[in-house]
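Reader: I have just started learning to read protein structures. Could you help me see how the words used for them are justified?

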Amino acid sequence: MSFTSTKMMQKAGVVSRTPVVRSAHQVRQQARSAKHQAAPSVVAAVVPQQQLSAAARRASLACRVAAAEAPAAAGADSSSSSASNVRGDIRNIAIIAHVDHGKTTLVDSMLKQSKVFRANQDMAERVMDSNALERERGITILAKNTAIRFKGVKINVIDTPGHADFGGEVERVLNMCDGVLLLVDSVEGPMPQTRFVTKKALALNKKVVVVVNKIDKPAARPEWVVDSTFELFMDLGATDEQCDFPVVYASGVNGIAGMSPDTMSETLEPLFDTVVREVAPPAVAFEQPLQMLVTNIDYDEHKGRIAIGRVSAGTVKKGIPLSICSSLEPGKVRPGKVNELFVYDNFSRIPVEEVQAGDICAVTGIQDIGIGETLCSKESPVALPTIKVEEPTVSMTFKVNTSPFAGKEGKFNTSKPVNTSPFAGKEGKFVTSRNLKDRLDRELERNLAMKVEPGETADAFVVSGRGTLHLGILIESMRREGYEFEIGPPKSMRREGYEFEIRPPKVITREVDGHKCEPYEEAIVEVPEQYVGSVVELFAQRKGEMQDMQPSIEGTTRLTFKIATRGLLGLKNALLTATRGLGLLNTIFDSYRPVAGEISMREQGSLIAFETGQVTAYAIETAQERGQLFVKPGDQVYEGQVVGVYNKSGDLKLNVCKAKALTNMRASQSEKKVALDEARIMGLDDALEYITDDEQVEVTPLSIRIRKDPSAKPSRGGSRR
């Protein structure tokens with residue numbers, strides 16, 4: 001037993017001050033008995049339960065360190081198995097964590113150290129984030145598969161999103177794995193999404209390996225992080241076995257890991273060893289008929305739709321006919337055939353002839369396959385339980401673009417365009433309701449957390465998702481689809497994507513015990529101490545209830561609120577303004593509660609263009625005194641377009657296209673030139689945060705505009721929801 005593990009055992013009260021060599025089994029038994037002794041009766045309790053939890057956690061952690069450092073005393077090799085229905089050569093794991101806790105960076109280091117890439121190969125950062133939006137925003141949006149090999153064992157790795165809005169991706173892929181690596185930042189500790197993904201993993205009885213990542217940070221506090229994670233497990237009702245989780249300390253960016261923060265290896269080998277030792281090999285039934293649950297869908301221009309999943313029983317072979325069924329449609333079976341078969345290995349798809357139970361594979365040739373369906377043998381078409389994810393909480397209405405600039409930047413035309421303005425079809429084509437519906441239907445095939453329903457009119461569709469970011473990524477993906485090319489004369493660039501309008505996000509209410517309820521979320525704000533009062537006041541205005549306030553690190557405070565999802569709409573920009581850009585907000589769905597009533601949203605009104613034309617510098621000189629503008633000289637605007645934020649309540653129409661009158665009089669030398677303020681460029685996220693009930697966002701491949709909804713009543717004061 002090393003000095004480090006002995007000290008940890010002494011701190012937990014498990015061993016005496018004099019080190020005694022024991023077997024790993026004896027150390028583990030003593031640690032477990034110490035955990036039971038640390039839980040006195042309620043009457044005799046004199047130590048706070050939180051301290052008992054920490055002591056018990058340290059005892060369990062200490063015995064794991066000792067076990068890892070004394071493999072010879074641990075008995076037989078855990079990788080070997082006498083059972084014939086276990087594949088000891090495979091481990092299936094998913095990496096789950098809160099956003100920005102280092103999942104994808106850790107996968108990069110795992111791939112490098114497993115010799116997936118050549119020594120002289122140029123590899124980009126966050127190689128798993130292959131989507132353009134993922135690289136632009138620095139977040140993982142779609143779950144992805146890869147595989148590495150370690151000491152003869154193939155480790156299938158699934159990289160998952162960290163943002164709460166994409167929790168549906170995590171729920172879906174957990175069906176493919178036997179264990180998870182739960183990454184926790186060494187400074188921040190468990191965050192809202194950490195709670196969500198941990199809850200899902202524990203409910204499915206997945207083995208959890210806690211990885212305290214970014215251990216190289218100067219402010220790292222690993223002991224507090226481990227204790228907080230243990231308390232999280234207890235709050236989620238984890239069993240004693242689940243609470244006894246292994247802990248690995250790592251730095252993904254440096255590619256190092258260790259069983260103790262004081263004894264770090266120069267590689268990630270301790271992490272690989274822990275995965276092979278702690279995550280159970282997949283239990284399989286080789287002799288049973290084929291069963292494979294489809295948990296993901298990919299697409300290839302040449303191969304078509306690709307079904308991805310784990311083979312639960314039997315063997316899938318290239319070229320064999322099979323049956324397709326679903327537990328949602330009992331008795332309904334349709335035929336299919338496997339054209340090509342692939343497995344994941346060394347960051348690529350490898351074609352194979354067959355895949356046995358326990359491994360993850362990709363199948364082509366079934367163009368109508370969907371997520372949640374089961375690939376079965378023709379002789380025994382028995383469906384596996386389908387995948388269920390939590391219901392959406394926010395909806396937006398997508399409708400055909402009817403602005404005066406409609407069709408100038410989009411694609412897809414029909415003989416009967418919707419828009420009949422003088423600008424129609426001058427530079428581009430229209431997106432019709434049929435095109436919009438087809439695209440949304442395709443999204444439903446792979447995005448289980450999303451729903452689409454008909455709107456109030458034939459050209460409108462109500463799209464529901466987990467949050468504004470979830471729906472915003474769909475909107476951004478649609479407007480970017482296609483490619484850029486030159487048109488002319490004069491030559492300019494245009495992207496052939498979708499073009500449509502978005503109405504303000506709305507929360508989805510439901511009836512609970514006869515009462516109308518709306519979704520509430522837990523919001524955690526990290527803010528410097530001097531801005532705590534401003535944050536509390538901001539949340540109070542939106543009927544948020546403060547649950548906790550704790551000092552964090554480096555002069556910051558962590559505030560926890562319960563707030564209606566409706567109150568979070570448009571809160572991000574207000575929070576950044578109140579904290580001078582220093583506030584960090586993280587949220588996670590909590591529960592449905594009675595409707596909070598009317599919530600104050602935006603106090604300022606909008607500046608609205610009075611006429612259609614080109615913005616002039618002369619007009620902006622006076623217009624900028626009314627508020628902050630979204631446009632600059634040379635921009636094209638139309639009547640009814642929102643061109644800025646009014647510095648008072650209510651809306652104001654103004655002319656931003658007014659030109660200076662030309663006369664024969666020479667300009668006076670004393671005439672003062674007015675400096676023009678910099679325009680606030682509205683991106684998609686900014687626009688969705690800004691709009692209120694009587695406004696909507698015009699989305700085109702090249703532009704994001706805000707306009708007044710012609711069918712809505714004009715605003716007369718601050719916004720309420």
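Author: Happily! Let us begin with pairing: two strands pair if DSSP finds at least two bridges between them. Please keep in mind that this model is predicted.

Reader: What makes β9 and β16 a pair, then?

Author: Strand β9 (residues 304–313) and strand β16 (residues 360–364) share five bridges. The rule asks for at least two, so β9 and β16 count as paired, and their sense is antiparallel. One of the bridge partnerships links R310 with I360 of β16.

Reader: Which strands of the eight-stranded sheet are called edge strands, and why?

Author: The open sheet runs in the order β12-β11-β17-β8-β9-β16-β13-β14, with antiparallel pairing. Its edge strands are β12 (333–337) and β14 (348–351), as each of them pairs on one side only. On average, neighbouring strands here are turned by 40 degrees against each other, direction ignored.

Reader: Why is C243 called buried?

Author: Buried means under 20% relative accessible area. C243 has 8% relative accessibility, so C243 counts as buried. By the same test C657, at 11%, is buried too.

Reader: How many disulfides are there, and what decides that?

Author: A disulfide needs a pair of cysteine sulfur atoms within 2.5 Å. By this rule the count is zero.

Reader: What makes α12 "mostly covered"?

Author: In helix α12 (residues 468–480), 10 of the 13 residues are buried, among them L469, G472 and M478. The helix reaches 18 Å from its first C-alpha to its last, close to the 18 Å expected.

Key
Residues numbered from 1 in each chain as written. Predicted model: local features only at pLDDT ≥ 70, side-chain atom pairs only at ≥ 80, totals over all residues. Heavy atoms only, no water. Helix = DSSP H or I, 4+ residues; strand = E, 2+ residues; numbered from the N terminus. Expected span 1.5 Å × (residues − 1). Buried < 20%, exposed > 50% of the residue type's maximum accessible area, 1.4 Å probe, protein only. Axes fitted to C-alpha atoms, helices over the stretch in contact; angles between N-to-C directions.
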